[in-house]
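Biologist: I've got a model open and a pile of terms I half understand. Can we go through them one by one?

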Amino acid sequence: MVSAPIDPPALESALRPFGESTMLPASAYVDEHVLDWERRHLFAGSWVPVGRTAALAEGGNQRAVTVGDVGVLLTFDGGHPRAFANVCRHRGHELLPAGEAADRPAVLCPYHGWSYGLDGRMRTAPRMGETFDGRAYGLVELPAVDWHGWLFVNATGTARPFAAHVGALGAHVSPYRPESLVSKARHEYEVAANWKIVAENYHECYHCPLIHPELCAVSPPNSGSNWREPGAWVGGSMDLRDHASTMSLDGRSYGVALDGVDPRLVRYFGLFPNMLISLHPDYVMTHLLEPLSPHRTRITCEWLFRDEVTDPSYAVEFWDLTNRQDWRACESVQRGARTVGAQRERGLRLGHADRTRLPRPGGRALLRRPPPSTSDVRLTHRPGTRAGRRDPEPTRR
Ligand code: FES
Ligand SMILES: [Fe+2]
């Protein structure tokens, strides 16, 4: 596998053992060549969620998406999702433009008219002659898995099995039964920050007392625990304050509690590379990160509830406010990375990567550890956490 285009010596401090490591070098956040590498090896080469399966199937039985730098054609035959390389087997024309959907009985290449079934098998190849054997020219199928209502695709077909990718995360997510929940709100943000800065920010609450007074009013920023279990994910839990039953501005839930889940915990997970999953007692929230450039990320935030919930605004208002507080901080860190990049010959470096290096409050605050590598990707990118110290008392609203 090709290593990331970053000088190995510049990565050395980021790859030190947990507790001693620093952030990645500035180039990891600002360099177009690094993003090209990530798109191929961390996105296309891994398992990436392309959306809610039910939503993807709306509007047609075919949909084209881009995973990392690879075009993927999704088909839905009677609702059953499949994924194929979005490439005609004749001369390589895309079967459907990225982002578009179609609803017709066959996949039809617009270049010379070859057609395929929704199962990928060749159906017709006009005027190719009687000796032409179309059976050898079916579409190339890619691994695709519906996991709790989200459709995951491995666009290069080289990742390890999906079960190994999610590992033990399923045991944390299953009680919330996201597959039974309904999307009630969806926000799309464009943030002027590298996608890794957004992911790193999600995994530390060291910043919460300073920029999230509303969050600290319902959840102590130094509460909770971290889990280190198999799978390409990191995460942990945080507690709700005594008066709060969920994450909302007044701590009250105006939805419906989910059966069989801990009513006092909120769980926060980052599933490598780009999915953030936040599990609340009464709703599930996800952020999907799509890098647009080294300096820009599209973030799709979605809220899932029990179907009978009619007004999700109590959760949406809370997290939209918190999201925007986070995006401002991430954009500032991105500007810092640019400054560090410009000053590196004078020795300016990005800072600490994890909080275990310094005293922390009983080891209980939410922290991040490096994501486990997938079998097909040697992770030379290893996002770290920032330095920790005792969190000040949260500011109450
Ligand atoms: S490239 Fe598709 S039919 Fe020729
Ligand atoms: Fe935050």
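Modeller: Sure, and let's begin with Leu289 of strand 17, whose bridge partner in strand 18 is Ile299.

Biologist: What makes strand 17 and strand 18 a pair?

Modeller: Pairing needs at least two bridges between the strands. Strand 17 and strand 18 (residues 296-305) have nine and run antiparallel, so they pass by that rule. A hairpin links strand 17 to strand 18 through two residues.

Biologist: Before I trust this, what kind of model is it, and how confident is the predictor?

Modeller: It's a predicted model. The mean pLDDT of the protein chain is 88, with 87% of its residues at 70 or more. Over residues 355-397, though, the pLDDT is below 50, even though this stretch has 133 contacts in the model beyond near neighbours in sequence.

Biologist: Why be careful with a stretch like that?

Modeller: Where pLDDT is low, predicted coordinates shouldn't be read in detail.

Biologist: Back to the strands, then. What makes strand 16 and strand 17 a pair?

Modeller: Same test: at least two bridges are required. Strand 16 (residues 275-279) and strand 17 (residues 284-293) are joined by five, in the antiparallel sense, so they count as paired. Ser278 has Met285 of strand 17 as its bridge partner, and Met275 stands opposite Leu288 in strand 17. Four residues sit between strand 16 and strand 17 in their hairpin.

Biologist: What about strand 15 and strand 16, how do you know that they pair?

Modeller: Five bridges again, antiparallel, between strand 15 (residues 265-271) and strand 16. The cut-off is two bridges, so that's a pair. Arg267 has Leu279 in strand 16 as its bridge partner, and the hairpin of strand 15 and strand 16 has three residues in between.

Biologist: Why is strand 16 called mostly covered?

Modeller: Four of its five residues are buried. A residue counts as buried if 20 or more other C-beta atoms lie within 10 Å of its own, so each of those four meets that cut-off. For the protein chain, buried residues make up 44% of the 397 residues.

Biologist: What makes strand 1 and strand 10 edge strands?

Modeller: Start with their sheet: it is open, has three strands in the order 1-11-10, and its pairing is antiparallel. Strand 1 (48-52) and strand 10 (144-147) each pair on one side only, and that's what being an edge strand comes down to here. Neighbouring strands of this sheet are turned by 30 degrees against each other on average, direction ignored. Strand 1 pairs with strand 11 (residues 150-153) over four bridges, and Gly51 has Leu151 in strand 11 as its bridge partner.

Biologist: Now helix 10. How do you know that its length is close to what's expected?

Modeller: Helix 10 (residues 313-343) has 31 residues, and at 1.5 Å a residue the expected span is 45 Å. The model gives 44 Å from the first C-alpha to the last, which is close to that value.

Biologist: Which residues of helix 10 are buried, and what covers them?

Modeller: Among the buried ones are Tyr314, Phe318, Trp319, Asp326 and Cys330. The cover includes helix 2 (27-30), strand 12 (182-191), helix 7 (195-202) and helix 9 (213-218), as well as strand 17 and strand 18. So we're back at the strands where we started.

Technical notes. Residues numbered from 1 in each chain as written. Chains lettered and ligands numbered in written order. Predicted model: local features only at pLDDT ≥ 70, side-chain atom pairs only at ≥ 80, totals over all residues. Expected span 1.5 Å × (residues − 1). Buried ≥ 20, exposed ≤ 12 C-beta atoms within 10 Å, placed from the backbone. Contact = placed C-beta atoms within 7 Å. Axes fitted to C-alpha atoms, helices over the stretch in contact; angles between N-to-C directions. pLDDT = per-residue confidence, 0-100.
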